[in-house]
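Reader: Please give me a close look at one part of this model, the surroundings of the ligand. After that, describe some other parts in plain words.

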Amino acid sequence: MARRAAKYVGFDFSTQQLKVTAIDEHLQVVFSDNVHFDKDLPEFRTQGGVHVHEDKLTVTSPVLMWIKSLDLILEKMKSVGFSFQDVKAISGTGQQHGSVYWKKGAKESLNNLCSEFPLHLLLKSSFVISDSPIWMDSSTTAECRHLEDAVGGAQNLASLTGSRAYERFTGNQIARIYKQKPEVYAQTERISLVSSFAASLFLGDYAAIDYSDGSGMNLLKIWEKTWAETCLQACAPGLGEKLGPAVPSSLVLGSISPYHVVRYGFDPDCKIVTFTGDNPASLAGMRLQEGDIAVSLGTSDTLFLWINEPTPALEGHIFCNPVQTDTYMALLCYKNGSLMRERIRDECALGSWDEFSKALRTTCAGNNGNLGFYFDVLEITPQAVGVHRFNAENQKVPHFPKEVEVRALMEGQFMAKRIHAERLGYKIMPRTRILATGGASCNQEILQVLSDVFGAPVYTIDTANSASLGCAYRAVHGLVANSGLSFSDVMKLARKPKLAASPNPRAAQVYQPVLKRYSELERKVISDAFETP
Ligand code: XUL
């Protein structure tokens, strides 16, 4: 009899939908599907998968909606004849920072799921909080200041946990719940992240939080990989017990719950590999390697960096690396991404990307010393706003010629990315690749500027479903991680990214002094932003 093809499955509980991606042993995608929360589960009345509360700061998602979406997607897979019995391992991911509050006795319910009923009916009374706080919540400023004070300041917290205090980070969310509803907190048996909550639904037991997603809580010591006692105490009493110990991201947690074996026909030996956060999962899906940097050029620009020796700072985040425990990843977000580029395209390039490219072709690297900062909206990295142009003598000027403006924008955006990455300990190595994705990554001239500013080759990758795909990859790796095989060993079979631009050999010489000037002028721009008019 022919051997049946093994499958590995990744689930992504993201903000707006649940996605599933299955791959075969050659790492080729063989199945994908999704459940869209607003459209497919209208009874929860979410918009974009969330509820924004009256104060505009509190943002939550119904925990039962996530469970029902899993029921729905598994039923859909069953109805199209998906061969559950061939699945060797499952892993998954969830939007980072969100938290789930299991009621006392919920472990018992998870351990004894009756396969005749859907999960959302079996678990409907298992939560003390039905609306889970998620990453879009920004209601915890007071808790953030309290936590930073408890460890002696923002930089101390960053040095300990990888980030200064952020409103959406889970420790601060838990602290607010404890402060507002101590009785609800007292009834909580276990607190999960969205990722570990989702893993629990497959495992039929509480699943551990992994180091990588755990780094988005302001609670985990990223060096020792244990909870920081001072932070736990500053947030809520008895918190360590409610979180359980954190574990490596590639750990096999156990076999799938008998519930899924009976209800869907999974192999009882199918393994559940620890779930992680969506950004770490995307790093796996993009197959970042040591020294690589992924630049996503979208509405907001996001950078993922593979870092060996990070230096946590007041901007950006350091997380434990989801595919290699002894290293790290950094995340940097820029709000002024494609909307800013589109505005300059409209004003200086007749609204045409071709004209925009022409402007980049007809100006030279370094822009003859003209450089600019373009922040139509308050930027995250750095905290500054407005458009600031400087000529070669560092004098502020009100305008640039149109082509100079286009180049100043692109060089400025990419220099900022390199400078902030290096502040977090990132080092460009001879083997460094820049992996570009998102809207602007199809523009050759933009990629050339990116390549020149970083002095490294740029490759383009398709990142559709990178988080769920990354988890299907992590499921493959999880089964062999114990035998010493690295994630990149396992990924050798996957399709290689396409080379899109190589750095001009003169670029390094041109940009070295400009980068230094940009970094100094950035300080001026930040202090101007805080000057009273
Ligand atoms: C990262 C963050 C978001 C969420 C949702 O810190 O808040 O990217 O992970 O995708």
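**The ligand and its setting**

Author: The domain assignment, taken from an automatic or database source, divides the protein chain into domain 1 (7–280) and domain 2 (288–460 + 503–533). The model is predicted, so local features need pLDDT of at least 70 and side-chain atom pairs count only at pLDDT 80 or more, while totals for chains, interfaces and linings use all residues. Residues are numbered from 1 along each chain as its sequence is written, and side-chain values use heavy atoms, with hydrogens and water left out.

Start with the part you asked about. Around the ligand, with a heavy atom within 4 Å of it, are Gln96, His97, Trp135, Arg168, Asp278, Asn279 and Leu331. By type, this shell has two nonpolar residues, three polar ones and two charged ones; Trp and Leu count as nonpolar, Asp and Arg as charged, and Gln, His and Asn as polar.

Three of these residues can be followed atom by atom. From Arg168, an N or O atom in the side chain is 2.7 Å from an oxygen atom of the ligand. Asn279 also uses its side chain, with a polar atom 3.1 Å from a ligand oxygen. For Gln96 the atom is in the backbone: a polar backbone atom is 3.1 Å from an oxygen of the ligand. On its own the ligand has 290 Å² of accessible area (Shrake-Rupley, 1.4 Å probe), and the protein covers 86% of that area.

Now step back to the two domains. The C-alpha centres of domain 1 and domain 2 are 33 Å apart. In contact, meaning heavy atoms within 4.5 Å, are 24 residues of domain 1 and 17 residues of domain 2.

Two strand arrangements complete the picture. A strand here is a DSSP run of E with at least two residues, numbered from the N terminus, and two strands pair if DSSP finds at least two bridges between them. Strand 2 (residues 17–24) runs antiparallel to strand 3 (residues 29–36), and seven bridges join them. One of the partnerships sets Ala22 against Phe31 in strand 3. Four residues lie between the strands of this hairpin, where Leu27 has a positive phi near 70°.

The other arrangement is an open antiparallel sheet of three strands in the order 19-20-21. Strand 19 (371–375) and strand 21 (396–397) are at the edges with a single partner strand each, so each has one side without a neighbour in the sheet. Two bridges link strand 20 (residues 386–390) to strand 21, and Arg389 stands opposite Val397 of strand 21.

Definitions and conventions:
Polar contact = N/O pair within 3.5 Å; in protein donor to acceptor, adjacent residues only side chain to side chain.
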